[in-house]
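Okay, thanks for coming, everyone. I've got one model to walk you through today, so let me put it up on the screen.

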Amino acid sequence: MSRCRYLTLSNWNKVARMSDFDIIVVGAGIVGTSTALWLQLRGHKVMLLDPNPPGSGTSSGNACTIATYACIPVNSPAVLTGLVGLMTNTNSPLSISYAHALRNPRWILSFLSNCRATRSREITENLASILSHADAGLNPLIKEAQAEDLIVNRGQLTVWSTAKGAMADLPSLALRKSCGISFTELTGAEVREMEPGLTLPIKKGVHFPEARHIRDPEELVRRFHARFTALGGQTLCARVNATDADAEGVTVTADDTVIRAGRVVIAAGAFSKRIKGSGAERLPLGVERGYHVLYAGEAHRITRPVGWAEGGFYAVPMAKGLRLAGTVEIAALDAPKNKGRIDHIARKGSEMFANLPAPTSDWLGYRPSMPDALPVIGPSAVSDRIIHAFGHQHLGLTLGGITGRIVADIAEGRQPNIEVGAFQPQRRYAAFWRHCQTKPA
């Protein structure tokens, strides 16, 4: 539990009733908490709503990396050319539930439509643009929350264990370079000099020097929340079921409690679609389920995040141990944990590091994903009093701070100093989706 003061439904009625707050933020992950802190710093009266402690959900189990280089979307042309192999190979970092695909054909086909080369490049350029502002959104919050001790500045390594894999990713590296991403290409020997604990074959490596990683992402969110609370922000532990916007403001139903605010920010990640009346339920918001396995006491193996391209996951040294996090599973939000994904990471981990013990624990999280791999940041189609801030896929930790700053600008009627048109809720997702708007997937 965060070191903060909470309201609960049992003591809520003792609090003075409102147009109770200037702004309510729904969701206390990295995006929601960053947004709440930005708004509180701007002088707004803010309430944060979530049934769980801040940072305890998907934000707690990520790959711990502020990945300002990560502009290449999952929607790449390689998915189209290698789709059959990706879906049928048990060694693949991508897993798709056939039952889920059959129940949601429009989302899957829209996702594939966005893998076309021209569209994928457009997505890459949009991601690179907002990523170039990520540190400007996050650094002020880190300083405000006195969380500098959680930040490690050693860059990130990506390695390839096969010549074929390294050759296949040359176009992606060229695209990153064209987008202004700084990196250094390394030989296998140079990689081993940087990280001698790696034991897998290494044909090539790339070092992204501007990347950073977090020793404990859940603690980072707790610190943000503690500062939010110290500045007068309030938190109610409740699940938001619905919003109802009118000309004067927004009524929020949280469990059995009704709260009133001038504006509402929907930042509930993959669960945003379940909030009725918000407009999020009309959007093609899906989920990419991600996994990690943790090896307590093994953080000494490496000194920075190392991504194994063929394995599809990151190894990260963190406060709790060595975390191996990643892979992509396209499946229902509430589907059971897929042991095959966990076994895949653990098996590959034993190739990456010699004499690795059995994992101490494992974890499943829910990346909120649009079929075009871009976040949703902007006013809802329902009302401009409801602002969306979700769909960050693999980049929630990286983009949480800048998303919060953009939302604060929008809430105040300011023009953000970043081009955000590509992230509007009303943007196009794919030609296929536009022709099938009879009901949401």
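I'll go through a strand and its partners, then a small sheet, then a pocket and one aspartate.

Quick housekeeping: this is a predicted model, so local features need pLDDT of at least 70 and side-chain atom pairs count only at pLDDT 80 or more, while totals for chains, interfaces and linings use all residues. Residues are numbered from 1 along each chain as its sequence is written, and side-chain values use heavy atoms, with hydrogens and water left out.

Let's start with β13, residues 257–266. Strands here are DSSP runs of E, at least two residues, and helices are runs of H or I, at least four, numbered from the N terminus. Eight of the 10 residues of β13 are buried, so the rest of the structure largely encloses this strand; buried means under 20% relative accessible area with a 1.4 Å probe, protein chains only.

Who pairs with β13? Pairing, by the way, takes at least two DSSP bridges between two strands. β1 (21–26) runs parallel to β13, with five bridges, and there Val25 sits opposite Val265. β20 (386–390) is also parallel to β13, with three bridges, and Ile387 is its bridge partner for Val265. Then β12 (250–254) pairs antiparallel with β13 over five bridges, with Thr251 facing Arg260. The β12–β13 hairpin has two residues between the strands, and Asp255 there takes a positive phi near 55°.

Next, the small sheet. It's open, three strands, in the order β3-β9-β5, paired antiparallel. β3 (65–66) and β5 (151–152) are at the edges with a single partner strand each, so each has one side without a neighbour in the sheet. Helix α8 (134–144) packs on this sheet and touches β3, β5 and β9, its direction making about 45° with that of β9. That angle is between N-to-C directions, from 0 to 180 degrees, of lines fitted to C-alpha atoms, for helices over the stretch in contact.

On to the second largest pocket. It's lined by 17 residues, and those nearest its centre are His100, Lys273, Leu285, Gly286 and Val287. A pocket is an open set of points on a 1 Å grid where a 1.4 Å probe fits, with protein on both sides within 12 Å along at least five of seven lines, and lining residues have an atom within 4 Å of a point.

Last one: Asp409, in helix α14 (396–411). Buried or exposed? Asp409 is buried, at 8% relative accessible area. Beyond neighbours within four places in sequence, Asp409 contacts Arg42, Arg414 and Pro416, a contact being heavy atoms within 4.5 Å.

Terms used. Buried < 20%, exposed > 50% of the residue type's maximum accessible area, 1.4 Å probe, protein only.
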